[in-house]
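Here is a short report for a reader who is new to this structure. It takes the domains, the sheets and a helix pair in turn.

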2 protein chains.
Amino acid sequence: MKIPRWKKAEFEEIEYEPTSIRELLREMKNICELIVDLAYSAILFNSKEIAEEVKYLEVRMDKLNYQIRIMAMLAARSAEDAEKMAGILQIAQAAETISNAAGDIVKLLSYKLTHPILPHLIKESDEVIRKMTIHKNSAAVNKKIGELRISSETGVRILAIRRKNKWIYGPKGDITLKENDILICIGPEEGLNQLNKLLKGEIEVLT
Amino acid sequence: MKIPRWKKAEFEEIEYEPTSIRELLREMKNICELIVDLAYSAILFNSKEIAEEVKYLEVRMDKLNYQIRIMAMLAARSAEDAEKMAGILQIAQAAETISNAAGDIVKLLSYKLTHPILPHLIKESDEVIRKMTIHKNSAAVNKKIGELRISSETGVRILAIRRKNKWIYGPKGDITLKENDILICIGPEEGLNQLNKLLKGEIEVLT
């Protein structure tokens, strides 16, 4: 039996560690902002693929919350510190609550209902979220996002990149794309198809 | 004593009612996506103004969840319906959990701590969220968002508009701005200042 990736993650050693409370909080904030969008998209488009990313991020959030608790306790040396840290832990706990709630949303996809529950029920725009992988012979490999003119040519925005077990949230134009990067993108169907062709190496430039 | 607006909202009659489960879910989704961003911004910029919007949306979400429960029960006429509705209520509950967690985040601002807790601690970009009101003698009154070229001239994006007690989430270019609209905007400090001048009637066009 193939173990899903997010399931593996639960038992895996953490591969890279944020080094400070500041970084932990920053990643938790980024996860919060991403996971809510992803959870709704998974349900709206009946996508187990996106749901898997949500579960993965939920596991990651658990770990971050555990780590931040430990670091906060180690960092508090005075009553004033402790007060500050209590505030930080409150924010961290809220972030975990948000990611758990996002997890609850996608759990619906695993119930064996006759009909998918919500596809298109609350769909209001033409924008779709999709997950795409960069193939090794794509012209996008080792290019900066900015060079590819993705947004101006396709109307697509990259919400996040997963590179092995590391996430880059809201990547800017100066990020260099790598082979096997997984992109979580939002945009119109047609633009996504266009971008996907580039990422698979079927076309050389976006036009 | 002046009662804060969100406090009033708790006891007020609901002024406009979404008419279907579909609309209720859509608004809940919109609130979820907005409230998480707003809650973090409130904390990051130590802004009671933004925190107030979070509380307001949290109250609104409670109401929507209550309404959707009633509508779901009235709508379920068969076992199959009921199964579908149970799924919808699960999503609605998760949405309320998310908005409550966002509320927990901003509660920190009301503790009388010597120092604000987090300003700039997890600030990673130059983007700021700000709330601005359109004055009656602004050139933006009765203009469509698209006509003003806000995004191209200032780099600012409008996240939401509050018009009296109604919210417009992620407004598109074809929305006409009105006197007294409250805009929740995100963007670089300088662009926000520029836009604010336009909304206050201090300048006639964005350049």
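## Terms and model

Two strands count as paired if DSSP finds at least two bridges between them. Strands are DSSP runs, numbered from the N terminus. The model described here is predicted.

## The sheet of chain B

Start with a central pair. Strand β2 (residues 157–163) of chain B pairs with strand β4 (residues 182–188) of chain B. The pairing is antiparallel and runs over five bridges. One position shows the register: I161(B) has L183(B) as its bridge partner in β4(B).

β2(B) also pairs with strand β3 (residues 166–169) of chain B. These two strands run antiparallel and are joined by four bridges. In β3(B), I168(B) is the bridge partner of I161(B). The residue I161(B) thus appears in two pairings, with L183(B) in β4(B) and with I168(B) in β3(B). R162(B) is matched with W167(B) in β3(B). The hairpin of β2(B) and β3(B) has two residues between the strands. There, K164(B) takes a positive phi near 50 degrees.

Now the whole sheet. It is open, has four strands and follows the order β1-β4-β2-β3 (chain B), with antiparallel pairing. Which strands stand at the edges? They are β1 (127–133) and β3 of chain B. Each has a single partner strand, so one side of each is left without a neighbour in the sheet. From one strand to the next, the twist averages 20 degrees. Helix α7 (residues 189–200) of chain B packs on this sheet. It touches β1 and β4 of chain B, and its direction makes about 150 degrees with that of β4(B).

Strands of a sheet pair through backbone hydrogen bonds, either parallel or antiparallel.

## The sheet of chain A

Chain A has an open sheet of four strands in the order β1-β4-β2-β3. Its pairing is antiparallel. The edge strands are β1 (127–133) and β3 (166–169) of chain A, and each pairs on one side only. The twist averages 20 degrees from one strand to the next.

Inside this sheet, strand β2 (residues 157–163) of chain A meets strand β4 (residues 182–188) of chain A. Five bridges link them in the antiparallel sense. Opposite I161(A) stands L183(A) in β4(A).

## Two domains in chain A

How is chain A divided? Domain 1 covers 5–110 and domain 2 covers 127–200. Their centres, taken over C-alpha atoms, are 24 Å apart. The contact takes 11 residues from domain 1 of chain A and nine residues from domain 2 of chain A.

On the domain 1 side of this contact in chain A, α2 (21–44) and α3 (48–75) are the elements that give two or more residues. The largest share, five residues, comes from α2(A). By class, the side of domain 1 of chain A that touches domain 2 has five nonpolar, two polar and four charged residues.

## A helix pair in chain B

Two packed helices are described by the angle between their axes and the distance between the axes. Take helix α2 (residues 21–44) of chain B and helix α3 (residues 48–75) of chain B. Their axes come within 9 Å and cross at roughly 155 degrees. Angles over 145 degrees count as roughly antiparallel. α2(B) and α3(B) are therefore roughly antiparallel to each other.

The crossing of α2(B) and α3(B) is left-handed. Their contact has 19 nonpolar, two polar and three charged residues.

Notes. Residues are numbered from 1 along each chain as its sequence is written. Chains are lettered from A and ligands numbered from 1 in the order in which they are written. This is a predicted model: local features need pLDDT of at least 70, side-chain atom pairs count only at pLDDT 80 or more; totals for chains, interfaces and linings use all residues. Axes are lines fitted to C-alpha atoms, for helices over the stretch in contact, and angles run from 0 to 180 degrees between N-to-C directions. Angles under 35 degrees count as roughly parallel, over 145 as roughly antiparallel, 65 to 115 as roughly perpendicular and the rest as oblique. A crossing is left-handed if the near helix is turned anticlockwise from the far one by less than a right angle, and right-handed if clockwise. Ala, Val, Leu, Ile, Met, Phe, Trp, Tyr, Cys and Pro count as nonpolar, Asp, Glu, Lys and Arg as charged, and the others, Gly among them, as polar. Domain bounds come from an automatic or database domain assignment. Two residues are in contact if their C-beta atoms, placed from the backbone, lie within 7 Å.
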